[in-house]
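Here are some notes to help you find your way around this structure. Please keep the model open beside you as you read, and take the points in order.

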Amino acid sequence: MNGKRVTNIELLEKKRSGEKITVITAYDYPTARLADAAGVDVILVGDSLGMVVLGYENTLPVTMEDMLSHTAAAARGARRAMVVGDMPFMSYQASCAQAVENAGCLVQKAGAHAVKVEGGRAVAESIRHIVDAGIPVMGHLGLTPQSVLKFGGFKVQGRSSEAARHIIEDAKLLEEAGAFAIVLELIPKSLAEEITKSVSVPIIGIGAGPYCDGQVQVIHDILGLYGERIPKHAKKYLSLSENIEEAIKNYVSDVRSGEFPGPEHSF
Ligand code: KIV
């Protein structure tokens with residue numbers, strides 16, 4: 001680590017040299033600090049915030065206000081990693097002007113270094129406008145959770161040859177529109193491999209197999225902090241919910257028994 005901020009140019013160089021890109025979500029100051037200290041390249045303040053932090057059933061209720069406040073907190077904790085702020089549902093779909101304005105807020109008010117937008121051809125024009133305004137954009141294809149109602153659930157996308165061709169075309173359109181990287185979520189690994197080879201920008205997979213240029217995971221999944229079950233594509237490196245529950249039980253029992261506070265905690 002050289003202390004310099006990771007940029008879109010550096011991510012492109014990593015794709016060219018074959019060095020894998022590491023991305024993880026974070027939604028607050030302490031977690032972003034830890035992810036940054038661990039050497040992650042990109043911190044994504046994803047709108048998965050809605051599910052893993054705010055307790056919603058999906059990401060649709062997440063607002064610009066939510067994203068601004070959590071992106072700002074995470075950005076304060078990231079000294080080296082690039083911070084990407086996710087554009088929530090209905091913050092960019094209405095018009096290019098709305099997309100530019102809200103992307104600008106994530107950069108200007110919350111300190112994001114880039115924004116992420118879900119969708120293919122339908123948002124390519126908005127991406128072009130945001131990039132023209134000087135803001136790097138990360139695209140997102142495959143299972144785009146803001147379209148969960150249209151998809152009828154969180155399902156693997158691109159299984160038929162027609163659906164696969166559609167995603168490949170979308171990836172090329174996002175590249176042409178100026179996206180500096182593209183997230184591919186929940187698609188077959190062979191399709192992700194083909195896309196990774198056919199576009200020049202870095203492809204970051206989540207549930208898209210090992211052939212992408214990098215990987216992104218939701219931090220609550222890899223730390224074991226969200227529910228009992230984790231998605232098939234995630235690897236659980238810790239069982240944090242169990243550890244936290246145990247620690248809180250110990251605190252409750254210490255207070256009840258008079259064990260805490262002890263003389264060393266009193267003035
Ligand atoms: O919101 C999010 O965390 C995301 C990632 C899962 C890619 O979009």
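1. Let's start with helix α4, residues 64-77, in what is a predicted model. Its 14 residues should span 20 Å at 1.5 Å a residue, and the end C-alpha atoms are 20 Å apart, so the expected and computed lengths agree.

2. Is α4 mostly covered or mostly open? Mostly covered: 10 of the 14 residues in α4 are buried. Among them are Met64, Met67, Leu68 and His70, and the buried set also includes Thr71, then Ala72, Ala73, Ala74 and Ala75, as well as Gly77. As general background, an α-helix has 3.6 residues a turn, so residues three or four places apart point the same way.

3. What do the buried residues of α4 pack against? Two strands are involved, β2 (42-45) and β3 (82-86), together with the helices α2 (29-37), α3 (49-52) and α5 (96-108).

4. Next, please look at strand β1, residues 21-25. Four of its five residues are buried, so this strand counts as mostly covered under the cut-off of 20% relative accessible area. Strand β1 has β8 (residues 214-217) as a parallel partner, with four bridges between them, and Ile24 stands opposite Gln217 of β8. Strand β1 also pairs with β2, again in the parallel sense, over three bridges; here Val23 has Val42 as its bridge partner.

5. Following the chain from β1 through α2 to β2 gives you a β-α-β unit, and this unit is right-handed.

6. Now for the open space. The largest pocket has a volume of about 810 Å³. Its lining is made by 35 residues, and those closest to the centre are Glu185, Ile206, Asp221, Pro231 and His233. Which elements give two or more residues to this lining? They are α3, β6 (181-185) and β8.

7. Helix α8 covers residues 161-177, and its 17 residues reach 24 Å from the first C-alpha to the last, close to the 24 Å expected. Its buried residues are Ala164, Ile167, Ile168, Asp170, Ala171, Leu174 and Ala177. What covers them includes the helices α6 (121-132) and α9 (189-198), along with the strands β5 (137-142) and β6. Just after α8 comes Gly178, with a positive phi of about 110 degrees.

8. A few backbone details deserve a look. Most residues other than glycine have a negative phi, and most peptide bonds are trans. Met90 goes against the phi pattern: it is not a glycine, yet its phi is positive, about 70 degrees. You will find Met90 in the loop between β3 and α5. Is Met90 buried or partly exposed? With a relative accessible area of 47%, Met90 is partly exposed.

9. Leu186 also has a positive phi, near 50 degrees, in a residue other than glycine. Leu186 sits in the loop between β6 and α9. Its relative accessible area is 17%, which is under the 20% cut-off, so Leu186 counts as buried.

10. Finally, where is a cis peptide bond found? Such a bond joins Phe260 and Pro261, with omega about 0 degrees. Pro261 belongs to the segment after α11 (240-257).

Definitions and conventions: Residues numbered from 1 in each chain as written. Predicted model: local features only at pLDDT ≥ 70, side-chain atom pairs only at ≥ 80, totals over all residues. Heavy atoms only, no water. Expected span 1.5 Å × (residues − 1). Buried < 20%, exposed > 50% of the residue type's maximum accessible area, 1.4 Å probe, protein only. Contact = heavy atoms within 4.5 Å. Pairing = 2+ DSSP bridges. Right-handed = clockwise from strand over helix to strand, strands pointing away. 1 Å grid on protein atoms, 1.4 Å probe; cavity = no way out; pocket = protein on both sides within 12 Å on 5 of 7 lines; lining within 4 Å. Points joined across faces, edges and corners; volume = space filled by probe spheres on them.
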